[in-house]
Amino acid sequence: MDNQSSHDSMMGFMVSEETLTATSTSTSTSTQGRAPSETSASDRAADEPPTPATRAWTTRLVVVGIVLTALNLRPAITSLGALLEEVRTGLGMSGSVAGLLTSVPPLCFALFGVMAPRLARRFGPAAVVCAGMAAIAGGLLIRPYAGGTAGFVAASALALMGIAVSNVLMPVIVKRWFPDRVGSMTGLYSMALALGTSSAAAVTVPMTEALGGSWRTGLAVWALLAAAAVVPWLALLRDRDRGTRSAENPGGASGSAREAAPTLRITRSRTAWALAVFFGLQATAAYITMGWMAQIFRDAGVPAGTAGLLLAVTMVMGVPLAFVIPRLATRLPHQGPIVVALGVCGLLGYGGLHLAPAEGAWAWALLIGVANCSFPLALTMVGMRARTGAGVVQLSAFAQSAGYLISIPGPLLVGVLYQHSGGWGLPLALMAALMLPQIAAGVLAGRDRTVEDEAARRGGPRRPQRGSGVRD
């Protein structure tokens, strides 16, 4: 595989960051490596390109919808991180409960993302993404005024549900409308996602002050951006009928054909487990950063607006490095050196936050931002550690679903330690300590081998039972 095709392939996986949260999710958005008879109804709806009669303005409208959707996939999280102290005070929330709140995003991604393929098959991808944007707008508008912690968490879950299903279906939209430009459109989507993440962290505090100083207004205003993202998808809902017809006319796929495909025993692969642990620990660091980093700087005496900018710097590092790291990784037979370099940046950043959080704030933000780019590296290794398309799908689903489950306790534990120790010494020690197994797992996952070979040596593939073929 040449470097450019490798790069486009890896960028396609990056968007699924957050997108393939369960096995059923991943199999709905990729048919590479399967026979046509094995392709599910939702796959055919996703693969079907727009008809030649599609007007140019419709295509431009899809581009606008993709960009606006990507911009809305993280502000619900990073805007809360920038105002977490005000939210805690306003709702009487303890540090432990605040930590639970920062653990909600990966939990929602794991739970609600599984629903997306089935919903897309029933209603069409455009309709589900439209509903997802509406859910984000509604959740962001309701949560500051819900009246208590329980209501705040419930409304946040509504917004995160919209994010979860949209996360999963955006690659489907890209593949359906731009089958010959998947790499470039995925790059556009990735940059918009990073821009939305960093912008929400940077402007939430100054925007709150400009709007009167109420944290409720500062959080609710992001509902306007989500509402704007609903508009282009409303104009594209006619795609629902095409997707529904494809789902109802599967094209002669038979159960016996599905039975012919062997299923890889992915859990027999040590590399798959190492990659799942690596993915989970890097996700733990990322969600801790989004949820707590601004608060760490504020407790050190950094002004709230500057703390938001520091978080934005950390998040925006993912824009250029998301392009550089996959290219570098695909040129190396072993990705361990990159894993170690990123891990050392994380250790230096957390150590600096403990020793001189205010004095070296910008340096620590940059170092932690570099360390958090383990995410595109993890997704790049997913594509390199499997030989076949079907293997990539199974490995990606396993690594990401298991990884998100691993990441859930981390932000909660940080909140508990912060609450009971009264400072950031223990939480930062925990964050630094987690870097060590992350480096070890990443080095193991970066070895030049494939999960198919490992599974074959440890028992070989198995054939699915009748009726257990890929459905959605």
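In which helix does Ser401 lie? Ser401 lies in helix α22, which covers residues 389–407; helices are DSSP runs of H or I with at least four residues, strands are DSSP runs of E with at least two, and both are numbered from the N terminus. The structure is a predicted model, in which local features need pLDDT of at least 70 and side-chain atom pairs count only at pLDDT 80 or more, whereas totals for chains, interfaces and linings use all residues. Residues are numbered from 1 along each chain as its sequence is written, and side-chain values use heavy atoms, with hydrogens and water left out.

The chain contains 25 helices and zero strands. Of its 472 residues, 57% are buried; a residue is termed buried under 20% relative accessible area, exposed over 50%, and partly exposed in between, with a 1.4 Å probe and protein chains only. The area exposed by the chain is about 17,700 Å², of which carbon and sulfur atoms supply 65%; accessible areas come from the Shrake-Rupley method with a 1.4 Å probe, and for residues only the protein chains shown count as cover. Contact is defined as heavy atoms within 4.5 Å. Among contacts between residues at least 6 apart in sequence, 85% join residues at least 24 apart. Ser401 itself is classed as buried because its relative accessible area is 17%. Its C-alpha atom lies 9.8 Å from that of Pro106, although the two residues are 295 apart in sequence.

The largest nonpolar core comprises 126 residues; such a core is a set of buried Ala, Val, Leu, Ile, Met, Phe, Trp, Tyr and Cys residues joined through side-chain atoms within 4.5 Å. The residues with the most contacts inside this core are Ile66, Trp233, Tyr350 and Leu377. Helix α16 gives the most to the core, with 16 residues. When residues up to four places away in sequence are not counted, Leu377 touches Phe278, Ile325, Ala329, Gln335, Ile338, Val339 and Leu342.

Several of these names recur in helix α19. This helix has 20 residues (336–355), so at 1.5 Å a residue a span of 28 Å is expected, in agreement with the 28 Å between its end C-alpha atoms; the expected span is 1.5 Å times one less than the number of residues. The buried residues of α19 include Ile338, Val339, Leu342 and Tyr350. Gly336, Gly343, Gly346, Gly349 and Gly352 are also among the buried residues of this helix. Leu367, in helix α20 (residues 361–371), touches Cys345, Gly346, Leu348 and Gly349, neighbours up to four places away in sequence being left out. Leu367 is partly exposed, its relative accessible area being 21%. The C-alpha atoms of Leu367 and Gly343 are separated by 9.8 Å, and the two residues are 24 apart along the chain.

Polar side chains also occur at buried positions. Gln438, in helix α24 (residues 425–445), has a relative accessible area of 3% and is therefore buried. Apart from neighbours within four places in sequence, Gln438 is in contact with Phe278, Leu281, Gln282, Val339 and Ser374. Thr78 belongs to helix α5 (residues 75–82) and counts as buried at 0% relative accessibility. With residues up to four places away in sequence again not counted, Thr78 touches Thr197, Ala200, Ala201, Met290 and Leu311.

Side chains of opposite charge can pair when their charged atoms come close. A salt bridge is a side-chain nitrogen of Lys or Arg within 4 Å of a carboxyl oxygen of Asp or Glu, and by this rule there are two salt bridges. One joins the side chains of Arg298 and Glu85, with an N to O distance of 3.7 Å. Arg298 lies in helix α16 (residues 270–299) and Glu85 in helix α6 (residues 84–91), so this pair ties together parts that are 213 residues apart in sequence. Arg298 also forms a salt bridge with Glu86, the closest N and O atoms being 2.6 Å apart. This second pair likewise links distant parts of the chain, Arg298 in α16 and Glu86 in α6, 212 residues apart. Through shared partners, the salt bridges join Glu85, Glu86 and Arg298 into one network. Within this network, Arg298 is buried, at 16% relative accessible area, whereas Glu85 is partly exposed at 32% and Glu86 is partly exposed at 26%.
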